[in-house]
Amino acid sequence: MRMYNTLTRKVEEFVPCCEGEVKLYTCGPTVYHYAHIGNLRSYLHEDVLEKYLKYIGYKVDRVMNITDVGHLTSDGDEGSDKMVNSAKKEHKSVMDIAKFYTDKFFEDCATLNIRKPDTVVPATSLIDDYIKIISKLLDTGYAYVNGGNVYFDTSKLKEYYVLTNHKEDDLLVGVRDDVTEDENKRNKTDFVLWFTKSKFEDQELKWDSPWGVGYPGWHIECSGISLKYLGEYLDIHCGGVDNIFPHHTNEIAQSESYIGHKWCNYWFHVEHLNLGSEKMSKSKGEVLTVDTLKAKGYEPLSYRYLALSSHYQNKLEFTFENLSGAQNAYLKLRAKVLRLNREDGEVNQEMFDKYKKQFMDAMDDNFNTSMALTTVYDVLKADTNDATKFHLIEDFDRVLSLDLTKEMEKKTAENEDEILKLIAERAEAKKNKDFATADQIRNDLLEKGIRLIDTKEGTTYEII
Ligand code: AMP
Ligand code: ZN
């Protein structure tokens, strides 16, 4: 398998540290708002990456963080905490905000067949580990305390810009937009490891530390979580391209200074989904969510189909016209697959192997998902029986996750009466503004594989 590695700026053969096993880390969402379909584009390609690694036989150990503290409005340690701002706006506690948007994030992921990683870790759960790392960085001279905060000293590194070949000034534009430079920093690329002297008094989450009561910077959480759950040798680290600088650059700086050797071998970055000419962003402009697509009557998996039709390293311009085109193609494809008679004889092994190789060649070529999709169409046209076609497509769908061989008609749950009763209870709870109960019912059903769909006509359900 060959993949593009941001660290070397080359497409390289993938070789994990331990034979047969992959340690994979993914930067998770900052849970102060709904994930938009741009964020989900990144998670969708990361899902394909995980599933393909498993498809070719690796055991994958995957960890994702949930950012519930420390991510400021500017990625360059300036501004205020996004979680605190959102809690204030919605008159809720930070933890309630985090829970609500984390649950919603995984619900949206489930709708797009994005698998939840086995290990998901909220940033607030590992404070002692960050303190341990920061203490060692201070002891070894990689960090300093100034003006009440602890900073990483980037001048101590042989090379700081390991992930980019851009000029420093270009990189800093956008990161430090409209904000004054922090005068406590010795070098302008230094970054905060621990805030004690906050510019905003009402930071809700604070912890005791050797440097005073405070909270961790954004970058330290991913180093801390990854080192704790995946050890000192990481195979692949993923994120969207905006994470390259400063977030991933800073993660490398602090992790490698802490462990004293190279940390992660492959860096996988997904390009942005744009709306108009701008990156879709939670903090600026219009954002579209999975619920927006549903409300407009789209089958959400059409978005997965659209994303897979383009290469993860290319920008994707989102328009509803493109989504409609993807939906037409997707629904037609599903209908064709479902018309196959899977019982018509034995699988032709030679044909199976031929097309499986074509699919793997596409995926091995830096995850060419659009060629992989083309292989599905080639299989449908192939000169072989339906059973072979069906089993090939079922096999590819372990990676594509487009439900290509799943029945499209609505399936009725065996316990439909019970579900309908719960739907009625939820409607009543909503009427009484008891949203906690309403959410609880929705989440309990989701855990049991029943997804509720709210429509103008009322609530229905589907089996997932
Ligand atoms: P956030 O919740 O803002 O921390 O972002 C979650 C993930 O989505 C990160 O990996 C980002 O790099 C990624 N991301 C943010 N905006 C976009 C976008 N417009 N297109 C694709 N990925 C994005
Ligand atoms: Zn991260």
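Buried means under 20% relative accessible area, exposed means over 50%, and partly exposed is in between, with a 1.4 Å probe and protein chains only. Keep that handy for the exercises.

This is a predicted model, where local features need pLDDT of at least 70, side-chain atom pairs count only at pLDDT 80 or more, and totals for chains, interfaces and linings use all residues. Residues are numbered from 1 along each chain as its sequence is written, chains are lettered from A and ligands numbered from 1 in the order in which they are written, and side-chain values use heavy atoms, with hydrogens and water left out.

**Exercise 1. Work out what surrounds ligand 1.**

Step 1: Collect the residues with a heavy atom within 4 Å of the ligand. You get 17 residues, and Thr 30, Ser 42, Asp 242, Met 280 and Lys 282 come nearest.

Step 2: Sort that shell by type. Ala, Val, Leu, Ile, Met, Phe, Trp, Tyr, Cys and Pro go down as nonpolar, Asp, Glu, Lys and Arg as charged, and the others, Gly among them, as polar. The tally is 4 nonpolar, 9 polar and 4 charged.

Step 3: Look for N or O pairs within 3.5 Å. A ligand oxygen is 2.8 Å from a side-chain N or O atom of Thr 30, and a ligand oxygen is 3.1 Å from one in the side chain of Asn 243. A ligand nitrogen lies 2.8 Å from a polar backbone atom of Met 280.

Step 4: Check the cover, using Shrake-Rupley areas with a 1.4 Å probe. On its own ligand 1 has 500 Å² of accessible area, and the protein covers 95% of it.

**Exercise 2. Describe the aromatic pair of Tyr 312 and Phe 367.**

Step 1: Apply the rule: rings of Phe, Tyr and Trp (its six-membered ring) pair if their centres lie within 6.5 Å, with planes under 30 degrees apart stacked, over 60 edge-to-face and the rest tilted. The count comes to 27 aromatic pairs.

Step 2: Take this one. Tyr 312 and Phe 367 are 6.1 Å centre to centre with 65° between the planes, an edge-to-face pair.

Step 3: Ask about burial. Tyr 312, at 1% relative accessibility, is buried, and so is Phe 367, at 4%.

Step 4: Widen the view. Both belong to one aromatic cluster whose members include Tyr 52, Phe 268 and Phe 396.

**Exercise 3. Find what sits over the ring of Phe 100.**

Step 1: Look for NZ of Lys or CZ of Arg within 6 Å of the ring centre and within 35 degrees of the ring normal.

Step 2: The charged end of Lys 92 fits, 5.0 Å from the centre of the Phe 100 ring.

How values were computed
A polar contact is a pair of N or O atoms within 3.5 Å; within protein, one must be able to donate a hydrogen and the other to accept it, and residues adjacent in sequence count only if both atoms are side-chain atoms.
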